[in-house]
Structure formats: structure tokens, C-alpha cells
Amino acid sequence: MSGPARYDWGMRVRATTDLMNDGSYPDRAEDELLVRNGDIGEIVNVGAHVESETTIYLVEFSPQLVVGCFEEEIEPIQPAFETANERGAT
């Protein structure tokens, strides 16, 4: 890998961009929106993309949706942000 992972298992994160289906979900249309910018999830596994030696985070955004994310596609959330976001506040 290009260095140690910045984030750990169990960490709550939010998507920093819209995440589209890259073909990883064959039952969904390619380029279908999977996760919206700002959606909150939890890291459930940390691994690496073998060819590029890049850290990949498996993030559970819902019980039916676990998405592989690069570091630049997620960021840790603060507890105050999470509470406000879950209530629908801006």
C-alpha cells in the first residue's frame, strides 16, 4: 500500500462525493448513483487495491449497501455533524 490507512474499522464517515456504480453491483445499472455526497456510513473493512497499492475502505451506508471507497471519497464525521445531519438539519 502507499502508506498506512488513515481511517480505522468502525469509524463513522461521510461521502465527500456522489459514488456511482462502477460495475461492482451487477444487479444495478452501470453509473447508477449508489451513495450521495454527504451520506453517512461506517467503515467495516480496510484493504488495498492490489494493482495500484491504494487503500480501499469498505463502507456500510445501509444494511444492503457496502461500497468500496478511496480515502479522498470519505471523511470522518464529528459527532455534532452526525446528530444534525441525521435530524435533517443543515
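Start with a charged pair: Glu 75 and Arg 14 form a salt bridge, with their closest N and O atoms 2.6 Å apart. Glu 75 sits in strand S7 and Arg 14 in strand S1, so this pair ties together parts of the chain that are 61 residues apart in sequence. Keep in mind that this is a predicted model. The protein chain has 90 residues, and 30% of them are buried.

**Salt bridges**

- The count for this model comes to two salt bridges.
- As a general point, side chains of opposite charge can pair when their charged atoms come close.
- Of the Glu 75–Arg 14 partners, Glu 75 is partly exposed, at 29% relative accessible area.
- Arg 6 and Glu 71 also meet through their side chains in a salt bridge, at 3.9 Å from N to O.
- That pair, too, links distant parts of the chain: Arg 6 is in the segment before S1, while Glu 71 is in the loop between S6 and strand S7 (74-76), 65 residues apart.
- Is Glu 71 buried or exposed? Glu 71 is buried, because its relative accessible area is 18% and the cut-off for buried is under 20%.
- Arg 6, on the other hand, counts as exposed, because its relative accessibility is 56% and exposed means over 50%.

**Overall layout**

- You'll find one helix and seven strands in the protein chain.
- Going along the sequence, the order is β-β-β-β-β-β-β-α, with the helix after the strands.
- Take the contacts between residues at least 6 apart in sequence: 50% of them join residues at least 24 apart.
- The accessible surface of the protein chain is about 5,900 Å², and carbon and sulfur atoms account for 48% of that.

**The nonpolar core**

- How many residues are in the largest nonpolar core? This core has 15 residues, and Val 35, Val 59, Phe 61, Val 67 and Ile 74 are those with the most contacts inside it.
- Which elements give two or more residues to this core? They are strand S1 (12-15), strand S3 (33-35), strand S5 (54-62) and strand S6 (65-69).
- Strand S1 therefore turns up twice in this briefing: S1 holds Arg 14, the salt-bridge partner of Glu 75, and S1 also gives residues to the core.
- Val 67 is a handy residue to click on: leaving aside its neighbours within four places in sequence, Val 67 is in contact with Leu 19, Tyr 25, Leu 34, Val 35, Tyr 57, Leu 58, Val 59 and Phe 61.
- Among those contacts of Val 67, Val 35, Val 59 and Phe 61 are also on the list of residues with the most contacts inside the core.

Definitions and conventions: Residues are numbered from 1 along each chain as its sequence is written. This is a predicted model: local features need pLDDT of at least 70, side-chain atom pairs count only at pLDDT 80 or more; totals for chains, interfaces and linings use all residues. Side-chain values use heavy atoms; hydrogens and water are left out. A nonpolar core is a set of buried Ala, Val, Leu, Ile, Met, Phe, Trp, Tyr and Cys residues joined through side-chain atoms within 4.5 Å. Buried means under 20% relative accessible area, exposed over 50%, partly exposed in between (1.4 Å probe, protein chains only). Helices (H or I, at least four residues) and strands (E, at least two) are DSSP runs, numbered from the N terminus. Contact means heavy atoms within 4.5 Å. Accessible areas come from the Shrake-Rupley method with a 1.4 Å probe; for residues, only the protein chains shown count as cover. A salt bridge is a side-chain nitrogen of Lys or Arg within 4 Å of a carboxyl oxygen of Asp or Glu.
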